[in-house]
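Student: I've got the model open and I'd like to go through the terms people use for it. Can we take them one at a time?

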Amino acid sequence: EIPFGRPWITDQDRRAVNEVLNGHILTHGPQTQAFEEEFASFLGDDCFCVAVSSCTAALHLSYFEMGLGSGDEVIVPAQTHNATAHAVELMGARPVFVDCDPWTGNVDGESIEKLISSNTKAISLVHFLGISCDMDSILSVANRYELKVVEDCALALGAEYRGKHVGLFGDTACFSFYPVKHITTGDGGMFVTRDEKVAKAVSRLRAFGVDRTYAERSIPGMYDVDALGLNYRMSEMQAALGRQQLSRIDEILEMRQRNYARLKSILIELPGIFVIDTDNQASSNSHYCLSIVLQGDLRQKRQEIVANLNAAGVGTSIYYPHPVPRLSYYRQKYGYNSEAYPNAAAISDY
């Protein structure tokens, strides 16, 4: 059988996790710190990383640290996982959804600018399927209106824009280590920023707002809480697994690229099939997965095609089942204009 996605776990990965379990430090330990440093080294550009329990946690912490609140608005892609919007909702702010480009599934500066209001505080962007957004157009708009930029890089580990890793353009970036992602920690995420002060603040926010780490406490158990915080820590077992996975990242990216190229070369020859990709020389694709949009008569046959593939032992998935504003929670709260997101709907439905 060929699964849609399966974590690549080696004996070395298992040994690394067992070494942690054979010790006595399972949280707040050296593995997490080392993982943060190694991840920052991979991304480059003097960034700072904070390991957290999920990409959603990293997104939430981004807005938490920014002080987002009631009455504020964030421009959010309609074509994304609901977590991108949930993080805004959790702050009591309002996501304002923007349609995507039909060829890449990404948002751009021109579409974003049309939705900016006096309440807009930030732009949330997603490098869909690992395809880098046009960061020049988005940053031009963000700078003109003095807006924060949060990069959702959940699918984009390894993707670059103009030779620079995605996640190093906005104010913060958020990566995912869910089992089918490029690397996994079982579940987990990474908060990334180029501002050391922000990284230090988020490091405390992820652990209840406690004012000093275990290593900084002169008396065990003595600390203060000087800010409202959350419990979004990553365990030492997860970090140990993440470090081993990251050590193989070049091999992993090459394997995904090879699989993607092979699939695309075959599929693009078939009538009625469009492969989502980019021909923008400034951006690169991390090849998270290959996604097709059915056209013509095939549009009515998606369920049949999926059933036949699954029966043959070939796994599939849909990215994503609905534009986020069409999901029940958002539709019921804000209403849904079917004419506002035709490109996101086409990618989701076909």
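Tutor: Sure, and keep in mind that this is a predicted model. Start with a pair: isoleucine 123 stands opposite valine 149 in strand 5.

Student: How do you know that strand 4 and strand 5 count as paired?

Tutor: Pairing takes at least two bridges. Strand 4 (residues 120–126) and strand 5 (residues 148–152) are joined by 5 bridges and run parallel, so they pass the cut-off of at least two.

Student: What makes helix 6 a helix that packs on the sheet?

Tutor: Contact means heavy atoms within 4.5 Å, and helix 6 (residues 135–145) touches strand 4 and strand 5. Its direction makes about 170° with that of strand 4.

Student: What is the strand order of the open sheet?

Tutor: The 7 strands run 1-9-8-5-4-2-3, with mixed pairing.

Student: Why are strand 1 and strand 3 said to stand at the edges?

Tutor: Strand 1 (48–52) and strand 3 (94–98) each have a single partner strand, so one side of each is left without a neighbour in the sheet.

Student: What angle do helix 2 and helix 8 make, and which hand does the crossing have?

Tutor: Helix 2 and helix 8 (residues 236–246) pack at about 30°, with their axes 8 Å apart. The crossing is left-handed. Among the contact residues are Phe35, Phe39 and Phe42 of helix 2 and Ala239, Ala240 and Leu246 of helix 8.

Student: How many of the residues in that contact are nonpolar?

Tutor: The contact of helix 2 with helix 8 has 8 nonpolar residues, alongside 3 polar and 3 charged ones.

Note on methods: Residues numbered from 1 in each chain as written. Predicted model: local features only at pLDDT ≥ 70, side-chain atom pairs only at ≥ 80, totals over all residues. Heavy atoms only, no water. Helix = DSSP H or I, 4+ residues; strand = E, 2+ residues; numbered from the N terminus. Axes fitted to C-alpha atoms, helices over the stretch in contact; angles between N-to-C directions. Left-handed = near helix turned anticlockwise from the far one by under 90°. Nonpolar A, V, L, I, M, F, W, Y, C, P; charged D, E, K, R; others polar.
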